[in-house]
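User: Could you take me through the metal site in this one, slowly? I'm in my first year, so plain words are welcome.

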Amino acid sequence: MLFDTHAHYDDDWFDEDRQALLASMPEKGVGLIVNPGCTLESSRTAIALAQTYDHVYAAVGIHPENCHDFVPQHIDALRELAKHPKVVAIGEIGLDYYWEENPPREFQQQVLRAQLQLAQELKLPVIIHDREAHADTLAIVKEFPSVKGVFHCYSGSVEDARTLVKMGWMLSFNGALTFKNARKAPDVVAELPLEHLMIETDAPYLAPVPHRGKRCDSGLVYLVAEKIAQIKGISADEVARITTENGKRFFGIE
Ligand code: NI
């Protein structure tokens, strides 16, 4: 069984076939999915999907690219949403310095800290988005030593990955690992223990090779498991089994 630990089924791209697609996942071998929120509205949609499907869980959070209008009351709203029994994490939260039109860096940092504080209070893990912001993201998560999390679509160095693993954190990988231009990620996968790795799709984006550029769904997550298996020289079944155990343990899913 495969566990897609990060997929956005609230995305418009799934408007035509969302329900049929989600319902079909267990028969495709994908027994668990976590749908993180990126805004309050998408967090609510994630919870609604989790309520509909046994195999779907939700995370609630405000993504750095969507935090322009953040006010402290949004933390109260997230706290309420997080009471739902199928909410397993705060996410997706973090820093994104890639797009110039993103909110100012200091504002993103403030929103990230507020949400890490909430995770600490609620004793929930966090799902971190870090794009071109490795040093600041790592420094800020270190301010909350009791909070554990995952760096999704990990794109940092082997050295930072070792630091995160020592802190008890997880790293997750998706289709980007299969791209020809993937540079650091394969080294990180080779060097780090499988017990700290999880797999994901980030659907509808980042479809793995040979589907690169097309809409991605959780049915393609096996290609990420196969790539990790190839890098580590073990079977894809072993990767599926261990990353599923890791995900269940991390998110506290029975
Ligand atoms: Ni995402």
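Analyst: Along the chain, the donors of the nickel ion follow the spacing H-x1-H-x83-E-x109-D. Keep in mind that this is a predicted model. Put names to those letters and you get His6, His8, Glu92 and Asp202. Each histidine uses its NE2 atom, while Glu92 offers OE and Asp202 offers OD. The distances to the nickel ion run from 2.1 to 2.5 Å.

Now look at two of these residues, His8 and Asp202, which tie distant parts of the chain together, being 194 residues apart. His8 sits in the loop between strand S1 (2-4) and helix H1 (18-24). Asp202 is in another stretch, the loop between strand S8 (197-199) and helix H8 (221-232).

Are these two buried or exposed? The cut-off for buried is under 20% relative accessible area. His8 has 5% relative accessibility, so it counts as buried. Asp202 comes out at 11%, so it is buried as well.

What about the arrangement of the four donor atoms around the nickel ion? The angles they subtend go from 79 to 170°, and that makes the arrangement irregular. To see why, try the tetrahedral label: it needs all angles to lie between 85 and 135 degrees. With angles of 79 to 170°, the site doesn't fit that label, so irregular is the word to use.

Conventions
Residues are numbered from 1 along each chain as its sequence is written. This is a predicted model: local features need pLDDT of at least 70, side-chain atom pairs count only at pLDDT 80 or more; totals for chains, interfaces and linings use all residues. Side-chain values use heavy atoms; hydrogens and water are left out. Donors are N, O and S atoms within 2.8 Å of the metal (3.2 Å for Na, K and Ca); water is not among the atoms, so sites may look incomplete. Four donors count as tetrahedral if all angles lie between 85 and 135 degrees; four count as square planar and six as octahedral if opposite donors are over 155 degrees apart and all others between 65 and 115; anything else is irregular. Helices (H or I, at least four residues) and strands (E, at least two) are DSSP runs, numbered from the N terminus. Buried means under 20% relative accessible area, exposed over 50%, partly exposed in between (1.4 Å probe, protein chains only).
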